[in-house]
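The following exercises are to be worked through with the structure at hand. Attempt each task before reading its solution.

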Amino acid sequence: MRKVIDGETYLDKKIGKEGSQEREQFKEEAYTYYLSEILKNRRKELKISQEELAIKVGKKRPYISRVENGEDVRLSNFILIANALGLTFELNPG
């Protein structure tokens, strides 16, 4: 029978302990992926092509592709694209 472990223990073993450089990089990449998926899903929901979105925000289509693949998500551009897709972005103190 397999031993069941919780998610935190799994991440500690596979990625590194909380606070480690590896764990922080993993969290950053996961968050970037999550944000890029929100943008991509919203664009598809609105039936807008990457090209149309690029024109709307003054960027080139390959940039939109990189953002949607989580490769290049700067906060300023994320907000610009989110607004173009009718999404709001809110920062709250943690």
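**Exercise 1: A surface patch**

Tyr31, Tyr34 and Ile38 together form a nonpolar patch on the surface, with about 330 Å² of accessible area. The model is a predicted one. Determine whether Ile38 is buried, partly exposed or exposed.

*Solution.* Begin with the location: Ile38 belongs to helix H2. Next, take the relative accessible area of Ile38, which is 31%. Buried means under 20% and exposed means over 50%, with partly exposed in between. Ile38 is therefore partly exposed. A general rule helps in viewing the patch: an α-helix has 3.6 residues a turn, so residues three or four places apart point the same way.

**Exercise 2: Helix H4 and its surroundings**

State which residues of helix H4 are buried, and name helices that cover them.

*Solution.* Helix H4 spans residues 61-68. Its buried residues are Tyr63, Ile64, Ser65, Val67 and Glu68. Their cover includes helix H2 (21-45), helix H3 (50-57) and helix H5 (75-84). Now examine the ring of Tyr63: the charged end of Lys59 sits over this ring, 5.6 Å from its centre. Finally, look past the helix: Gly70 follows H4 and has a positive phi, near 70 degrees.

**Exercise 3: A lysine in helix H1**

Classify Lys13 as buried or exposed, and give its distance in space from Arg43.

*Solution.* Locate Lys13 in helix H1, residues 7-14. The relative accessibility of Lys13 is 66%, so this residue counts as exposed. Lys13 and Arg43 are 30 residues apart in sequence. In space, their C-alpha atoms are 36 Å apart.

Methods: Residues numbered from 1 in each chain as written. Predicted model: local features only at pLDDT ≥ 70, side-chain atom pairs only at ≥ 80, totals over all residues. Heavy atoms only, no water. Buried < 20%, exposed > 50% of the residue type's maximum accessible area, 1.4 Å probe, protein only. Helix = DSSP H or I, 4+ residues; strand = E, 2+ residues; numbered from the N terminus. Contact = heavy atoms within 4.5 Å. Lys NZ or Arg CZ within 6 Å of the ring centre and 35° of its normal. Patch = residues over 30% accessible without salt bridge, like charges linked within 9 Å, V, L, I, M, F, W, Y side chains within 5 Å. Areas by Shrake-Rupley, 256 points an atom, 1.4 Å probe, with all protein chains shown as cover. Salt bridge = Lys/Arg side-chain N within 4 Å of Asp/Glu carboxyl O.
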